[in-house]
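Hi there,

Here is the structure I promised to pass on to you. Have a look at it first, and then read my notes underneath.

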Amino acid sequence: MRVITIASGKGGVGKTTVTANLAIALAKLGKSVTVIDGNITTPHLAMQFGMFYAPTTLNDLLKEKSANIIDALYFHESGVRIIPGSLNVRDLQGVDILNLKRIVKEIPYSDFVLIDSAPGIGREAVAAMQSASEILYVTNPNIAAASDIIKISEVAKEIGLKQIGIVLNMVKRKIYELSASEIEEITGIPVISSIPYSNLIEQSYLLGKTVIEQKPYSKESIEFMKLAAYIAGEEYKVPLSSYLHRIKDFFSAFF
Ligand SMILES: Nc1ncnc2c1ncn2[C@@H]1O[C@H](COP(=O)(O)OP(=O)(O)OP(=O)(O)O)[C@@H](O)[C@H]1O
Ligand SMILES: [Mg+2]
């Protein structure tokens, strides 16, 4: 079981988006995947999967030793299993995020467990790091987001996490953006994936559907498939039909 925390220094860079799409991409490669919302103060992971309410949540598991992990595991149609956080602020009372490590160990076997972390190096983010054995960073092509990776990677190294690399998200290819190689130079960590800025992704919370479900042959979805294959250590060949699908999507916009 590989336990990966999806982390960032700065908030809002796309951790939850990457976690959800990567999870579905890994499931498409035939892997068993569980995702867990490690961002308990502002949990959005389940929303990406179209889930806006759950009777039992991670908060219950973090509170009571008696709560059963099976009751907080929800199956998505992609095959991904989700442990959501509670959207109710009252459910934060009595929650001890340091129990996350124990809960992750109780998850029924999965090839991959992905923890959607809170940003930064606060208590929640550190608890997610301490529950994982590997870390995947998400950043945007700007100096604020990229330089924050340095801080978080120092903590990750201290904990002894294997650093998978950086996902560079919301790339617009503007002249003022940092390039992948500049980010590698600043952080000393390889950029393993570049996800374009995408209107489809921006709409995904509203639709409760990830881009990989909305348009599996879009450029952004193919990037998530490549990322999943890289992490799984497998070769991924872009299906020829994806080009045909993209042409069809392009023309269908006019009719
Ligand atoms: N590649 C992208 N193109 C366009 N919009 C994006 C992209 N990636 C993420 N977004 C949008 O940016 C916003 C923040 O994304 P997301 O919630 O995944 O970030 P986060 O890092 O998990 O935030 P937080 O730090 O609050 O947990 C969302 O509205 C999301 O739809
Ligand atoms: Mg998030």
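Below is what I found, starting with a strand and ending with a pair of helices.

One thing to keep in mind is that this is a predicted model.

**The strand β5 and its neighbours**

Strand β5 covers residues 112–116, and five of its five residues are buried. If you follow the side chains along β5, F112, L114 and D116 point one way, while V113 and I115 point the other way. This fits a general pattern: in a regular strand the side chains alternate between the two faces of the sheet. In β5, the residues pointing either way are all buried.

Which strands pair with β5? Strand β1, residues 2–7, pairs with β5 in the parallel sense, over five bridges. Strand β2, residues 33–37, also pairs with β5 in the parallel sense, and again there are five bridges. To find your place on screen, look for R2 opposite F112 in β5, and for T34 opposite V113 in β5.

**A closer look at I4**

I4 lies in strand β1. Is I4 buried or exposed? Its relative accessible area is 0%, so I4 is buried. Leaving out residues up to four places away in sequence, I4 touches F112, V113, L114 and I115, which belong to β5. The other residues that I4 touches include A132, E134, I164 and I231. You can also compare I4 with V35: they are 31 residues apart along the chain, and their C-alpha atoms are separated by 9.7 Å.

**Two helices that cross**

Now turn to helix α1 (residues 15–28) and helix α11 (residues 219–232). Their axes come within 8 Å and cross at roughly 70°. An angle from 65 to 115 degrees counts as roughly perpendicular, so α1 is roughly perpendicular to α11. The crossing of these two helices is right-handed.

Which residues meet where α1 and α11 touch? On the α1 side they are T17, V18, N21, L22, A25, L26 and K28, and on the α11 side they are F224, M225, L227, A228, I231 and A232. Sorted by type, the residues of this contact are ten nonpolar, two polar and one charged.

T17 is a good residue to click on in helix α1. With a relative accessible area of 10%, T17 falls under the 20% cut-off and so is buried. Apart from residues up to four places away in sequence, T17 touches Q48, I201 and F224.

Enjoy exploring it!

Best wishes

Technical notes
Residues numbered from 1 in each chain as written. Chains lettered and ligands numbered in written order. Predicted model: local features only at pLDDT ≥ 70, side-chain atom pairs only at ≥ 80, totals over all residues. Heavy atoms only, no water. Axes fitted to C-alpha atoms, helices over the stretch in contact; angles between N-to-C directions. Helix = DSSP H or I, 4+ residues; strand = E, 2+ residues; numbered from the N terminus. Parallel < 35°, antiparallel > 145°, perpendicular 65-115°, else oblique. Left-handed = near helix turned anticlockwise from the far one by under 90°. Contact = heavy atoms within 4.5 Å. Nonpolar A, V, L, I, M, F, W, Y, C, P; charged D, E, K, R; others polar. Buried < 20%, exposed > 50% of the residue type's maximum accessible area, 1.4 Å probe, protein only. Pairing = 2+ DSSP bridges.
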